Amino acid sequence: MAGLSFSNISKLFAGTPALNRINAEVAEGEFVALLGPSGCGKTTLLRLTAGFEVPDSGTITLGGQVLAGGGAFVAPEDRNIGIVFQSYALWPHKSVAGNVSYPLEVRRIPGPERKRRVAEALEITGLSAFADRAPAQLSGGQRQRVALARCLVADPRAVLLDEPLANLDLALRAAMQEAFAAFHRRTGATMLYVTHDQTEALALADRVAVMEGGRIRQFASPEALYDCPQDCFVAGFVGDGAVIALTATGTPVGGHILVQALGQQIEARCDSSVPTHICIRPEQVRIDPQGPIRARVSACTYQGGRFRLVLETDAETLVAHAPARARIGEEIRLSLHSPWAFHDPATPEILRVMQDA
Ligand SMILES: Nc1ncnc2c1ncn2[C@@H]1O[C@H](COP(=O)(O)OP(=O)(O)OP(=O)(O)O)[C@@H](O)[C@H]1O
Ligand SMILES: [Mg+2]
């Protein structure tokens, strides 16, 4: 396996940038998810890595070897990169073992070694018992595992996955997410995993690159994306919660700052001296009869063991979790605990410094 590096990658389609100066390093053996809304450029980045498209500028390297850029271009079949798509693309007339064996036959790997490697790939993907079945006799999840085994058997330098679970129902997706995590643990593969499902990205990946409009907005661990988003897009796209513009701030002290939002002075976590917004996750909203913020319940949905409340204050919408059902229209009081204050690069700096309390 090998690490992947993207340096200043841009790709235009008919003059419109699908990718705009992408810079990212994926370490050897790292599991990285590309997360973002439809059309943000996830598949394009994967196709450039696989060699199905050529970048207009920038360089892609794998294990130090330039795949594309500076006049060099390695053909897809010479990159030794495994690819798993949403559609499994299995040979219908070949058995499971026959499908997995195929890449080795193309490379003229001798019979005994081929058998050993196929058996190993089937074992890792939990398919040993299905070796002689035809793809038509398998479930969707089992077919996706055949595609994974077929990609693994060729001993790829990196594995690219484009929404591999999008065709599966919820229960199967959860089981397959575990299968992918186990696959990654056992193989130590460098993996680039495209999804627009944030739960999947946060659950599976070592790090997540959040993309929007052809750019990477933030590339960080799942915890960092959730706890410390760096701009309004990431704050709103990842995790359930609210993003609220500040009207004034104090001076940061030891990673904390007093800010003014929702008509209240609130202590927030922060790493910027000039934050413009706060991000409030549901765990940071407490229903509190003595709390300073008034709100009205506008929605209440059961989430298994707890309720998700949507709360309207005078100016903003917040999300909270509650142990009991609330009535729509009910008035409640809230307090906020340790939201995250950040400086959104697209927002002009704040107008007013808070008076000392
Ligand atoms: N071959 C192409 N010709 C023209 N435009 C393209 C082509 N491929 C992609 N695009 C455009 O580039 C942008 C990025 O597309 P891409 O497929 O990478 O998005 P995506 O993030 O994978 O979206 P989705 O989640 O819907 O799969 C889109 O605006 C898309 O319309
Ligand atoms: Mg796509």
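Reader: Two strands count as paired if DSSP finds at least two bridges between them. In which sense do strands β15 and β22 pair, and over how many bridges?

Author: In this predicted model, β15, covering residues 264–270, and β22, covering residues 340–342, run in the parallel sense and pair over 2 bridges. Within that pair, Cys270 stands opposite Ala341 in β22.

Reader: What holds paired strands together in general?

Author: Strands of a sheet pair through backbone hydrogen bonds, and the arrangement may be either parallel or antiparallel.

Reader: OK, and which sheet do β15 and β22 belong to?

Author: They are part of an open sheet of 6 strands with mixed pairing, and its order is β12-β16-β22-β15-β14-β13. At the edges stand β12 (242–245) and β13 (248–249), and because each has a single partner strand, one side of each is left without a neighbour in the sheet.

Reader: Let's go to the start of the chain: how do β1 and β2 pair?

Author: Strand β1, residues 4–13, pairs with strand β2, residues 16–26, in the antiparallel sense, and 7 bridges connect them. One of the residues involved is Phe6, whose bridge partner in β2 is Ala24.

Reader: And what does the backbone do at the turn of that hairpin?

Author: There are 2 residues between the strands of the β1 and β2 hairpin, and Ala14 there takes a positive phi near 50 degrees.

Reader: Where does Glu163 lie, and what is its phi?

Author: Glu163 sits in the loop between β8 (158–162) and α5 (170–187), and its phi is near 45 degrees, which is a positive value in a residue other than glycine.

Reader: Is Glu163 buried or exposed?

Author: Glu163 has a relative accessible area of 14%, and since buried means under 20%, Glu163 counts as buried.

Reader: What about Ser338, then?

Author: Ser338 is not a glycine either, yet its phi is positive, at about 55 degrees, and its place is the loop between β21 (331–336) and β22. With a relative accessible area of 32%, Ser338 is partly exposed.

Reader: Changing topic, what does UniProt list for residues 4–238?

Author: The unreviewed UniProt entry lists that stretch as "domain: ABC transporter". Over residues 4–238 the chain is 36% helix and 28% strand, with the end C-alpha atoms 25 Å apart.

Reader: And the whole chain, how many helices and strands does it have?

Author: The protein chain has 8 helices and 22 strands, and of its 357 residues, 47% count as buried. Its C-alpha trace spans about 80 × 50 × 40 Å along the principal axes.

Key:
Residues are numbered from 1 along each chain as its sequence is written. Chains are lettered from A and ligands numbered from 1 in the order in which they are written. This is a predicted model: local features need pLDDT of at least 70, side-chain atom pairs count only at pLDDT 80 or more; totals for chains, interfaces and linings use all residues. Side-chain values use heavy atoms; hydrogens and water are left out. UniProt positions are given in the numbering used here, feature names are shortened, and annotations may be inferred rather than shown by experiment. Helices (H or I, at least four residues) and strands (E, at least two) are DSSP runs, numbered from the N terminus. Buried means under 20% relative accessible area, exposed over 50%, partly exposed in between (1.4 Å probe, protein chains only).
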